[in-house]
Amino acid sequence: MKLLVKGIGQLVTVSEGTRFLAGKDMSNIKVRDGCLAVAVDNEGKIAMVGSQKEVTEMYNEKTFSNIIDAGGQAVIPGFVDGHTHPVWAGDRVHEFAMKLAGASYMEVHAAGGGIHFTVDRTREASEQELLDLLVPRLQRMLRAGTTTVECKSGYGLDAVNEVKMLRVLERAKKLVPIEISSTFCGGHAVPKGSNAEAATKDVIENQLAAVLKEAAAGNLNVENIDVFCEKGVFEIEDSRKMLKAGKAAGLRINFHGDELHPLGGAEMGAELKAEAISHLEEISPAGMQGMADAGSVAVILPTTAYILRLKHPPVRDMINCGVIVALGTDFNPNAYCLSMTTVMHLACVNLKMSLSEAMAAATINAAHSLGRSATHGSIEEGKVADLIVLNEKKWEHVVYQFGQQDVIKHVVKNGNIVV
């Protein structure tokens, strides 16, 4: 046996036998109190969850390679970050003052900043330079309790550089013990000197084709396709074409929608049975109902509305409508946040989510957005042993202690103690 976590005073299993929590169920996460333990087998799977007496009667402590004594503190699932852009060169700290002075996202974009600023520097950087920048970012995510993370390309905007970014993610998978779900996001912006129609054609005929060729050769493992469906970028029909092409190639649809303008991205995504749609600050009631009916996960990004001073996404309405709600950091040069605990705090304070809803959104529901909720996102027998041991007896401290990383004592990934 690989690992025994004993002396657990409070165990947040989140859910039992369900792939996601929606509506009122998000407020009823599973929490157990007592003297508890979790046993992990040599494959990194949870073999048993129960009282310490039951677990140690079933498995002698001498059979475990490693033992963590939680000392009566709380244990929760590892976080799943549902939306990040971590591969890039050239920070945008200089744009922060512009935003504070009132410049909108699209005004910064029009002034040569935003995505295009990062694209230029990411294209200039070598694969090794990008990897050297990415690895410490992933390590910081891991230290903050994230054990699984969705990672996008999208700062290449041509076949060569999009593939370069995805190769960097493949290399990082071997260097950092964090699980990565890779997303092709060639439709992140219209390249300089092009237009949406030409860029859409390039994404489908050149970029996606190059990604699929590399995947077929065993060089890439790409799971999702993403598009920035937005007014003045890729509007509904162009977005639909790219997403359908990705879906036809076997990729899961997981895209940006209804962030700055109410285009009807949620409705379009629901029609395509998108696995996940992110942002949704401008989602319509019809879009909410469509997502609820389709089972599409809303990946909410509190940092974006916070830093851009946008109106907050109507999360309470989404939950009441039955939409599956998840959370992500949206880590990128515009929103430099690597911590899911910070995101959970913002979700509770600004978006009026409850503590239990935020926990469900950061674990089982985020795992569901990535097609992993059968194996990740909760502490259940047979699932991957991704755990966080806290320095507090009550799990709520992980949200309550705003930005305090010291609340986390240990992080366990696949049964291995990585922090």
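**Entry 1: Phe331 and its neighbours**

I started with Phe331 in this predicted model. How buried is Phe331? Its relative accessible area is 0%, so I put Phe331 down as buried. Trp88 is buried as well.

Next I searched the whole structure for aromatic pairs and got four. One of them joins Trp88 and Phe331, with 6.0 Å from centre to centre and 35 degrees between the planes, which makes the pair tilted. I then checked where the two partners sit along the chain, and they come from distant parts of it, 243 residues apart. Trp88 belongs to the loop between β6 (79–81) and α2 (93–100), while Phe331 belongs to the loop between β13 (324–327) and α13 (340–350).

Phe331 also pairs with Tyr336, and here I wanted the geometry. Why is the pair of Phe331 and Tyr336 edge-to-face? The planes of the two rings stand at 85 degrees, with the centres 4.9 Å apart, and planes over 60 degrees apart count as edge-to-face. Tyr336 has 45% relative accessibility, so I list Tyr336 as partly exposed. I drew Trp88, Phe331 and Tyr336 together in my sketch, since they form one aromatic cluster.

**Entry 2: Charges over rings**

Which residue lies over the face of Trp88? I found Arg137 there, 3.7 Å from the ring centre. I noted a second case at Phe117: the charged end of Arg121 sits over that ring, 3.6 Å from its centre.

**Entry 3: Cysteines**

How many disulfides does the structure hold? I counted zero. Cys321 is in no disulfide, and the nearest cysteine sulfur, in Cys229, is 19 Å away. Cys321 is partly exposed, at 25% relative accessibility.

I asked the same kind of thing of Cys348. Why does the sulfur of Cys348 have no bond to the one in Cys337? The sulfur in Cys337 is the closest cysteine sulfur, yet it is 14 Å away, which is too far for a bond; the cut-off for a disulfide is 2.5 Å. As for its surroundings, Cys348 counts as buried, because its relative accessibility is 17% and the limit is 20%.

**Entry 4: Two helices**

Last, I looked at α13 and α14, the latter covering residues 355–362. Their axes come within 9 Å and cross at roughly 140 degrees. Is that oblique or roughly antiparallel? I wrote down oblique, because roughly antiparallel needs an angle over 145 degrees. The crossing of α13 and α14 is right-handed.

Methods: Residues numbered from 1 in each chain as written. Predicted model: local features only at pLDDT ≥ 70, side-chain atom pairs only at ≥ 80, totals over all residues. Heavy atoms only, no water. Phe/Tyr/Trp six-rings, centres within 6.5 Å; stacked < 30°, edge-to-face > 60°. Helix = DSSP H or I, 4+ residues; strand = E, 2+ residues; numbered from the N terminus. Buried < 20%, exposed > 50% of the residue type's maximum accessible area, 1.4 Å probe, protein only. Lys NZ or Arg CZ within 6 Å of the ring centre and 35° of its normal. Axes fitted to C-alpha atoms, helices over the stretch in contact; angles between N-to-C directions. Parallel < 35°, antiparallel > 145°, perpendicular 65-115°, else oblique. Left-handed = near helix turned anticlockwise from the far one by under 90°.
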